[in-house]
Amino acid sequence: MTFDIVISDMPANSEFAHLGAQWAFDDWKETDPNDDIQWYLNVYSESAIDPSSLPLSLAATAGNDQLAGVACVVLDDALPDAIEPGPWVAAVFVNPEFRGRSVGKQLVTEAVRRARELGHTDVYLYTRDVAHWYETFGWERVRETHIHNKPITVMVNRV
Ligand SMILES: CC(C)(COP(=O)(O)OP(=O)(O)OC[C@H]1O[C@@H](n2cnc3c(N)ncnc32)[C@H](O)[C@@H]1OP(=O)(O)O)[C@@H](O)C(=O)NCCC(=O)NCCS
């Protein structure tokens with residue numbers, strides 16, 4: 001299948017916002033029992049209010065009608081006792097039908113570019129099991145820690 005991916009701001013309160021929030025919630029709910037689908041919907045809504053400040057939320061779409069993936073940048077990604085200043089790339093998820101075709105890389109790269117455009121320098125994230133993937137495009141491991149007793153890796157993308 002060939003398709004063109006377009007990365008743009010997540011439209012708030014849209015079908016895509018609900019689908020993206022559901023994907024992100026389903027992906028993290030076992031790791032973080034305090035997680036809540038409303039958290040993602042709020043991030044998408046806040047992102048749409050003021051494009052000149054964080055949070056920001058991106059949607060990758062294929063042919064206007066299919067959501068291929070999502071990503072955000074938030075000031076605080078609810079990592080207990082985080083020592084890193086943020087901001088954080090968060091809620092990265094690619095629709096399984098579109099995996100392995102650089103949608104994830106494009107989303108994360110654009111998220112970092114936009115955060116820098118808003119004046120942020122180093123950008124952080126934490127991941128359960130795809131640190132190797134992030135290392136393939138400029139991210140470095142900072143430390144290993146736990147969230148709700150599940151191991152995660154904190155990473156940074158430095159200017
Ligand atoms: C991780 C994820 C976002 C990647 O999205 P994607 O669009 O498939 O990624 P890309 O196409 O940009 O990159 C895929 C490439 O990375 C490679 N890759 C995937 N996982 C990897 C890993 N753990 N370590 C190293 N390389 C990896 C693939 O082999 C592929 O390489 P290729 O292009 O040479 O074949 C996607 O698999 C996903 O949504 N996973 C579930 C949610 C998740 O883990 N999100 C991250 C939360 S921190």
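Reader: In the hairpin of strand 2 and strand 3, which turn residue has a positive phi?
Author: This is a predicted model, where local features need pLDDT of at least 70, side-chain atom pairs count only at pLDDT 80 or more, and totals for chains, interfaces and linings use all residues. Residues are numbered from 1 along each chain as its sequence is written. Strands here are DSSP runs of E, at least two residues, and helices are runs of H or I, at least four, numbered from the N terminus. With 3 residues between the two strands, the turn has a phi of about 60° at G63.

Reader: OK, so what stands opposite L56?
Author: Strand 2 covers residues 56–62, and pairs with strand 3 in the antiparallel sense over 7 bridges (pairing takes at least two DSSP bridges). Across from L56, in strand 3, you'll find V73.

Reader: And which residue of strand 4 is the bridge partner of C72?
Author: Strand 3 also runs antiparallel to strand 4, residues 88–94, with 5 bridges joining them. C72's partner there is A90.

Reader: How many residues of strand 3 are buried?
Author: Buried means 20 or more other C-beta atoms, placed from the backbone, within 10 Å of the residue's own. Strand 3 spans residues 66–74 and is mostly covered. Of its 9 residues, the buried count is 8.

Reader: Which residues are closest to the ligand?
Author: Strand 4, helix 3 (103–117) and helix 4 (131–135) each give at least two residues to the shell around the ligand. That shell has 16 residues, going by a C-beta atom, placed from the backbone, within 6 Å. The closest are R99, G104, K105, H132 and W133.

Technical notes: A residue is buried if 20 or more other C-beta atoms lie within 10 Å of its own, exposed if 12 or fewer, and partly exposed in between; C-beta atoms are placed from the backbone.
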